[in-house]
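This briefing introduces selected features of one protein model to a reader at the start of their studies. Please keep the sequence and the structure in view while reading.

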Amino acid sequence: MPINAEYRGPGELPEVIAVFPLPGALLLPRGQMPLNIFEPRYLAMVDDALRDGHRLIGMIQPDATHSRSEAKPALFSIGCVGRITQLAESGDGRYVLELTGVARFKVVEELTVLTPYRQCKVDFFSFIGDFTARKGEEAVDRDGLLEVLRDFLKANNLKVDWEGIEAAPNEALVNALAMMSPYGSAEKQALLEAPDLKTRAEILIAVTEMDLARKRTSGDPPLQ
């Protein structure tokens, strides 16, 4: 999705960003993530992002396995920053917004701040390839991805817009399927941290095949 701001490299993004820890949330470059914001600290985060003009929010998963505090859980070291590209007020104190992914980041350190939301110093240089749209998509096994998608849909009695899927470029297809996948935090983090689009597609195929095999063995009912 095109956005008004053009980010050509890490130097065009701030070194300190607000972060929104959200389990199971996966944002990828040029992907779209809808968010329903209602907690006061995150309403303040959105207000500040709009006031500052950059409209950037870092999505990151809490790392439950290394957390000592439920109120302030540890964070995974890798997240993805997104720009607010749509915003609506609900009339009941909520924001309904959409983030468009810009680039992944590595957390350098979490800062001690006075804001109610958390902020981190981050490094985008480890993911400089994220600034090039559709990079490496020619290496994606598109046929393999579509085959496992068909198996997943059939096993769960789901339907999709195949015309839209077949028209989608590989980057948009892989990232959209990864973001919508029903898997847990560990799998979502592995998809996020994949070094390239080809590897992300391979992880998605492997995780889906394992899930389908497990359901066939256990006789689990399809997703509702």
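The points below treat strands, a helix, charged pairs and two arginine residues in turn. The model is predicted. It holds twelve salt bridges, and some of these are described individually below.

**Strand β1 and its partners**

- Strand β1 covers residues 16-21, and five of its six residues are buried.
- With strand β6 (residues 118-123), β1 pairs in the antiparallel sense, over four bridges.
- Within this pairing, Val19 stands opposite Arg118 of β6.
- With strand β3 (residues 56-60), β1 pairs in the parallel sense, over three bridges.
- Here Phe20 has Met59 in β3 as its bridge partner.

**Helix α6**

- Helix α6 consists of 22 residues, 197-218. At 1.5 Å a residue a span of 32 Å is expected, and the end C-alpha atoms are indeed 32 Å apart, so the two values agree.
- At the N-terminal end, Asp196 acts as a cap of α6: one of its side-chain oxygens lies 3.4 Å from the backbone nitrogen of Lys198.
- The buried residues of α6 include Leu197, Arg200, Ala201, Leu204, Ile205, Thr208, Asp211, Leu212 and Lys215.
- An α-helix has 3.6 residues a turn, so residues three or four places apart point the same way.
- Among the elements that cover the buried residues of α6 are strand β5 (95-110) and the helices α2 (142-155), α4 (170-180) and α5 (185-193).

**Salt bridges**

- Lys72 and Glu110 form a salt bridge through their side chains, with 3.8 Å from N to O. Because Lys72 lies in the loop between β3 and β4 and Glu110 in strand β5, this pair ties together parts that are 38 residues apart in sequence.
- Glu110 has a relative accessibility of 29%, so this residue counts as partly exposed.
- Arg94 and Asp92 form a salt bridge at 3.1 Å, N to O. Arg94 counts as partly exposed because its relative accessibility is 25%.
- Asp130 and Arg104 form a salt bridge at 2.9 Å, N to O. This pair links distant parts of the chain, 26 residues apart: Asp130 is in the loop between β6 and α2, and Arg104 is in strand β5.
- Asp130 is buried, with a relative accessible area of 7%, and Arg104 is also buried, at 5%.
- Lys72, Glu110 and Arg118 are joined into one network by salt bridges that share partners.

**Arg83, a buried arginine in strand β4**

- Arg83 belongs to strand β4 (residues 78-89).
- Arg83 is buried but has no salt bridge; Glu12, the nearest side chain of opposite charge, is 10 Å away.
- Beyond its neighbours within four places in sequence, Arg83 is in contact with residues including Ile3, Ala5, Tyr7, His54, Leu56, Glu98 and Val102.

**Arg142 in helix α2**

- Arg142 lies in helix α2. Its C-alpha atom is separated by 9.7 Å from that of Pro169, which is 27 residues apart from Arg142 along the chain.
- When residues up to four places away in sequence are not counted, Arg142 touches Ile165, Glu166, Ala167, Ala168, Pro169, Asn170 and Leu173.
- The side chain of Arg142 has a polar atom 3.0 Å from the backbone oxygen of Ile165, and this side chain also reaches the backbone oxygen of Glu166 at 3.2 Å.

Definitions and conventions:
Residues numbered from 1 in each chain as written. Predicted model: local features only at pLDDT ≥ 70, side-chain atom pairs only at ≥ 80, totals over all residues. Heavy atoms only, no water. Helix = DSSP H or I, 4+ residues; strand = E, 2+ residues; numbered from the N terminus. Buried < 20%, exposed > 50% of the residue type's maximum accessible area, 1.4 Å probe, protein only. Lys, Arg positive; Asp, Glu negative; His and termini not counted. Salt bridge = Lys/Arg side-chain N within 4 Å of Asp/Glu carboxyl O. Contact = heavy atoms within 4.5 Å. Expected span 1.5 Å × (residues − 1). Polar contact = N/O pair within 3.5 Å; in protein donor to acceptor, adjacent residues only side chain to side chain. Pairing = 2+ DSSP bridges.
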